[in-house]
Amino acid sequence: MTPKILIIGNSGAGKSTAAEMIARHYGTTWTGTSEVIMKTLWEECYPPRHSDPYKFLSQTQLLRRLRHTDRFGDASRVFLRDAGNIIRKDDPAALAKACLEYGPIVEGVRTHEEYALSNSLFDLVIWIERPGNQPNATDGLRKEDADIVIVNDSSEEVLEARLVSALATEVRDG
C-alpha cells in the first residue's frame, strides 16, 4: 500500500518534481494544492453552462499563466495563497483533504495552521531543500516540520535516487 506523503519546502525547491518522482516510484498519482485551488476557481468562474474553449483560457492555460514566475513573479503565488485562504477559511485542512481525493502524494501545504491540522492525514512528510533558495511571501513552513529532509542540489537523477533511498529506509524503519 502506498503511504500518504506530504511534500513541503520553499517555492522553487523542486517539490512538484519530487512529488512526480515519488508518485512514479509507487505507480500512483500526485496532486498539488495549487491545482486544487485552480480547479476550484475554474469551476466557480467558468461553470459548465458557460464554458467555451474558444472564448476562455483552458484550466491548464490559466494555471500555467498564474504559475509562470518569470512573468508574474510572487504576485501569482500570492494570488494562489489568497485564493487558498478563502478555501481553507472554514477548514484549514480542506486543501490537503481535497488533494488526497486525487491520490496519496500531496504537494504544497503552506501555512503552519494548515500543516498542524493536516499533518495527521499523512504517513510521512518530506521537506525538499534547495541550497540558497530563500523563502518568499507564501512560504510558511520550515524543514524542522518534516520527517525527512532531501537536498535538491544536483540533477533530477540524483534527486530521484535520494528520494527512492529515503523512502526505502523510511518504509523499513517506519
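These legends accompany close-up views of a predicted model.

**View 1. Overall fold of the protein, with eight helices and five strands.** Read from the N terminus, the order of elements is β-α-β-α-α-α-α-α-β-α-β-β-α. The chain has 174 residues, and 39% of them are buried. Long-range pairing is common in the contact list: of the contacts between residues at least 6 apart in sequence, 67% link residues at least 24 apart. Accessible surface totals about 9,700 Å², with carbon and sulfur atoms contributing 50%.

**View 2. The largest nonpolar core, built from 19 residues.** Leu6, Ile8, Val109, Tyr115, Val125 and Leu141 have the most contacts inside this core. Two or more core residues come from each of strand 1 (5-8), helix 2 (33-45), helix 5 (74-87), helix 6 (94-100) and strand 4 (124-129). Helix 6 gives the largest share, four residues. In soluble globular proteins, nonpolar side chains tend to be buried together.

**View 3. Surroundings of tyrosine 115.** Which residues does tyrosine 115 touch, leaving aside those up to four places away in sequence? The partners are Leu6, Val109, Val125, Leu141, Asp145 and Ala146. Of these, Leu6, Val109, Val125 and Leu141 are also listed with Tyr115 among the residues with the most contacts inside the largest core.

**View 4. A second nonpolar core, separate from the largest one.** This core holds 18 residues. Among them are Ile5, Ile148, Ile150 and Ala166.

**View 5. Valine 164 in helix 8 (residues 156-173).** Is this side chain's residue buried, exposed or partly exposed? Valine 164 counts as partly exposed, because its relative accessibility is 30%, which lies between the 20% limit for buried and the 50% limit for exposed. Isoleucine 22 lies 142 residues away from valine 164 in sequence. In space, the two C-alpha atoms are 7.5 Å apart.

**View 6. Confidence along the chain, from strand 1 to helix 4.** Mean pLDDT for the protein is 83. A value of 70 or more is reached by 78% of the residues. Strand 1 has the highest confidence, at 97. Helix 4 (residues 69-72) has the lowest, at a mean of 46. Residues 52-56 stay under 50 in pLDDT. For that stretch the model has two contacts beyond four places in sequence. Where pLDDT is low, the predicted coordinates should not be read in detail.

How values were computed: Residues are numbered from 1 along each chain as its sequence is written. This is a predicted model: local features need pLDDT of at least 70, side-chain atom pairs count only at pLDDT 80 or more; totals for chains, interfaces and linings use all residues. Side-chain values use heavy atoms; hydrogens and water are left out. Buried means under 20% relative accessible area, exposed over 50%, partly exposed in between (1.4 Å probe, protein chains only). Contact means heavy atoms within 4.5 Å. Accessible areas come from the Shrake-Rupley method with a 1.4 Å probe; for residues, only the protein chains shown count as cover. A nonpolar core is a set of buried Ala, Val, Leu, Ile, Met, Phe, Trp, Tyr and Cys residues joined through side-chain atoms within 4.5 Å. pLDDT is the predictor's confidence in each residue, from 0 to 100.
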